[in-house]
Amino acid sequence: LDPCVELAALAVSYGICTLLAVFAPFPLATVPAFLGRRLSRSYGAWSLLATVALYTCKAAAESNELGSSTYRILCRGLSSSSAVHLGVCTAKALLDDPALYPAALAVAPVSIASLAMHTLTVVFCGKQGFGMN
């Protein structure tokens, strides 16, 4: 796929997560972050930052500047933060009782979509940030 399309799709996905974290009712608001009720609203700020960073990378891809060190570092940071997020979610799934996360289980399709978004961020931004394209 074209990096512009990949990055645009990710930017839109993170934008939707921003809106969910800020405006959606519970339990839906807790899904993008998997951090529970107390921290889910503040996750909207991080996902807004990721949205802007991904849009900036998309603009760089359109002007053939995505390979420069600035954008590679930005992609590396996005990939790394999503990898850490997936690691935390995996650890929570392995170590905690699933009954502790009724919100994520109540809206399972959205939970799966959020995990897929972070996985795609690791893959797409990782290949740009670490020069594997």
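**Entry 1: threonine 121 and serine 82**

I looked up threonine 121 and found that its relative accessibility is 0%, so I count this residue as buried (under 20% relative accessible area, with over 50% being exposed and the range in between partly exposed, using a 1.4 Å probe and protein chains only). I am working from a predicted model, in which local features need pLDDT of at least 70 and side-chain atom pairs count only at pLDDT 80 or more, while totals for chains, interfaces and linings use all residues. I number residues from 1 along each chain as its sequence is written, and side-chain values use heavy atoms, with hydrogens and water left out.

I place threonine 121 in helix 5 (helices being DSSP runs of H or I with at least four residues, strands runs of E with at least two, numbered from the N terminus). Setting aside neighbours within four places in sequence, I list Leu10, Tyr14, Leu78, Ser79, Ser82 and Gly126 as its contacts (heavy atoms within 4.5 Å). I then turned to serine 82, which lies in helix 3 and is buried at a relative accessible area of 0%; with the same sequence neighbours left aside, it touches Tyr14, His118, Thr121 and Val122.

**Entry 2: cysteines**

I checked for disulfides (pairs of cysteine sulfur atoms within 2.5 Å) and the count is zero. The sulfur of cysteine 75 has its closest cysteine sulfur in cysteine 57, and I rule out a bond because the separation is 3.7 Å. For cysteine 89 the closest is in cysteine 17, again too far for a bond because the sulfurs are 11 Å apart. Cysteine 75 is buried at 0% relative accessibility, and cysteine 89 is buried at 13%.

**Entry 3: the core and the helix pair**

I looked up the largest nonpolar core (buried Ala, Val, Leu, Ile, Met, Phe, Trp, Tyr and Cys residues joined through side-chain atoms within 4.5 Å), which has 19 residues, with Leu7, Leu10, Leu54, Leu66, Leu78 and Cys125 making the most contacts inside it. Helix 1 (3–23), helix 2 (37–62), helix 3 (69–95) and helix 5 (108–129) each supply at least two of its residues. Beyond four places in sequence, I find cysteine 125 in contact with residues including Leu7, Cys75 and Ser79.

I noted that the axes of helix 1 and helix 5 come within 10 Å and cross at roughly 140° (lines fitted to C-alpha atoms over the stretch in contact, with angles from 0 to 180 degrees between N-to-C directions). I therefore record helix 1 as oblique to helix 5 (neither under 35 degrees, roughly parallel, nor over 145, roughly antiparallel, nor 65 to 115, roughly perpendicular). Among the residues making this contact are Leu10 and Tyr14 of helix 1 and Thr121 and Cys125 of helix 5.
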